[in-house]
Amino acid sequence: MNPRLLIDLKKLTHNANHLANLCNERGISVTAVTKVFCAEPPMVQALAVLPIAYMADSRLENIASYPKDMSQKTILLRLPAPSQADEVVRICDISLNSEMLTLQKLAEAANKRGIVHGVIIMIDLGDLREGIFHNATEKINATVEYVLSQKSLELKGFGTNLTCYGAVLPTVKNLTMLTKLCYNISKEYNLEIPIISGGNSSSLYMLEKGEIPQGISNLRLGEAIVCGKETAYGDPYPSLELDVVVLEAEIIEIADKPSHPEGEININAFGEKMAFEDKGIRKRAILAVGRQDTDYEGLTPLNDDVEIVGASSDHLIVDITDAAPLAVGDRLRFSLSYGAILAGFTSKYVDKEYKY
């Protein structure tokens with residue numbers, strides 16, 4: 001039997017609904033991010049009935065699979081490629097942008113289709129991923145002016161991304177930079193800015209403390225919904241459910257073996273230089289799941305006294321010496337990190353089972 005992800009839809013909807021209500025009470029709309037679970041239809045459908053304003057993904061294929069009758073507007077999270085402009089305006093209501101060439105292609109594509117495409121201009125507050133750098137005032141203004149000049153484009157707002165690349169925390173200081181920038185633009189161009197998106201699940205710790213600056217009107221939440229954690233410090237978020245998604249895999253071998261390999265050691269199949277601690281003879285189990293299925297370093301055994309030793313492409317090796325008796329054919333369960341969930345849903349070799 002293939003490894004499988006066990007998805008608890010009640011926990012998923014509890015987390016999403018709780019966060020949506022918490023944000024909405026503070027005048028902040030929620031964008032539910034579906035990329036970590038590859039926009040699996042049962043999960044998207046469960047979210048679509050909640051008080052969530054937008055649904056977002058980084059892959060056009062995922063957004064194209066959304067239910068056609070859902071009320072939420074759709075957002076492309078990854079900056080559009082110029083070559084995909086026609087697909088972007090056909091599939092998405094809004095996209096995040098920072099490049100003039102791409103905006104020109106989007107304007108042309110939307111004009112040909114006789115539609116208006118929404119634009120959120122991304123501002124880099126120092127995390128050094130996507131966005132126009134915050135002090136590049138001329139470039140920001142030129143981008144705003146171009147979007148406003150195009151009948152086929154509509155300026156929906158501004159956004160920023162934090163923690164994902166440079167691990168820069170959202171703070172009162174940097175989010176206030178964003179709100180001040182938006183305030184100045186709204187005054188200079190005499191326009192309303194409906195969306196000021198102040199980051200992702202890493203901004204939730206500020207929400208809990210009541211520190212999100214006035215003016216931030218949207219958060220893009222994915223990991224908090226699926227993992228029950230804020231991502232600035234990786235802590236469980238109050239009142240959220242953990243282990244929305246659990247991995248289950250079958251034991252295919254059990255044997256007493258040395259804990260240190262015999263022979264000359266160099267690099268493994270992944271080019272990693274290996275080092276081993278000699279703990280003597282240990283009872284080891286091999287499970288039918290490996291690196292091609294998930295990020296094994298993001299797994300935590302739910303069985304007491306089971307310890308992950310390592311993994312190859314197809315096998316997960318665990319130490320079960322101190323665990324309750326196990327047999328070949330038994331299945332072990334693991335909680336997963338965000339990266340392990342992402343890899344598990346992406347792998348075609350991992351089955352999904354839903355608990356309604």
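**Strand pairing, nonpolar cores and selected loop residues**

In strand 12, Glu253 finds its bridge partner in Ile286, a pairing described here for a model that is predicted. This contact between partners belongs to a wider arrangement in which strand 11 (residues 245-258) and strand 12 run antiparallel and are joined by 7 bridges. Strand 12 itself spans residues 281-287 and is mostly covered, with 5 of its 7 residues buried. Strand 12 also pairs with strand 15, again in the antiparallel sense, over 4 bridges, and within this pairing Leu287 stands opposite Leu316 of strand 15.

Strand 15 (residues 316-319) is in turn paired with strand 14 (residues 307-311), the two being antiparallel and sharing 4 bridges. Glu307 is placed opposite Asp319 in strand 15, and the connection from strand 14 to strand 15 is a hairpin made through 4 residues. Strand 15 is thus found in pairings with strand 12 and with strand 14. As a general point on such elements, the side chains of a regular strand alternate between the two faces of the sheet.

Leu316, the residue facing Leu287, reappears in the analysis of the interior. The largest nonpolar core comprises 100 residues, and those with the most contacts inside it are Leu47, Phe158 and Leu316. Among the contributing elements, helix 1 (residues 9-25) gives the most to this core, supplying 7 residues. Apart from this core lies another, of 10 residues, which includes Leu77, Ile94, Leu96 and Ile195. For Leu47, when neighbours within four places in sequence are left aside, the residues in contact are Leu12, Ala16, Ala32, Phe37, Ile52, Met55, Gln72 and Ile225.

Met55, listed among the contacts of Leu47, is also touched by Thr74. Thr74 has its place in strand 4 (residues 73-76) and counts as buried because its relative accessibility is 7%, which falls under the 20% limit. Not counting residues up to four places away in sequence, Thr74 touches Ile63, Tyr66, Ile91, Cys92, Asp93 and Ile94 in addition to Met55. Of these contacts, Ile94 is also one of the residues of the core of 10 residues.

At the surface, Leu128, Phe133 and Tyr165 form a nonpolar patch whose accessible area is about 340 Å² together. Phe133 lies in strand 7 (residues 132-133) and is classed as partly exposed because its relative accessible area is 32%, a value in between the limits of 20% and 50%.

Backbone geometry was examined at two loop positions, Ala39 and Asp243. In general, most residues other than glycine have a negative phi. For Ala39, however, phi is near 55°, a positive value in a residue other than glycine, and a phi near 55° is likewise found for Asp243. Ala39 is located in the loop between strand 2 (29-33) and helix 2 (41-48), whereas Asp243 is located in the loop between helix 9 (223-227) and strand 11. Ala39 is assigned as buried because its relative accessible area is 3%, while Asp243 is assigned as partly exposed because its relative accessible area is 28%. The loop containing Asp243 leads back to strand 11, the strand joined to strand 12 by 7 bridges.

Conventions:
Residues numbered from 1 in each chain as written. Predicted model: local features only at pLDDT ≥ 70, side-chain atom pairs only at ≥ 80, totals over all residues. Heavy atoms only, no water. Buried < 20%, exposed > 50% of the residue type's maximum accessible area, 1.4 Å probe, protein only. Contact = heavy atoms within 4.5 Å. Patch = residues over 30% accessible without salt bridge, like charges linked within 9 Å, V, L, I, M, F, W, Y side chains within 5 Å. Areas by Shrake-Rupley, 256 points an atom, 1.4 Å probe, with all protein chains shown as cover. Salt bridge = Lys/Arg side-chain N within 4 Å of Asp/Glu carboxyl O. Pairing = 2+ DSSP bridges. Core = buried A, V, L, I, M, F, W, Y, C linked by side-chain atoms within 4.5 Å.
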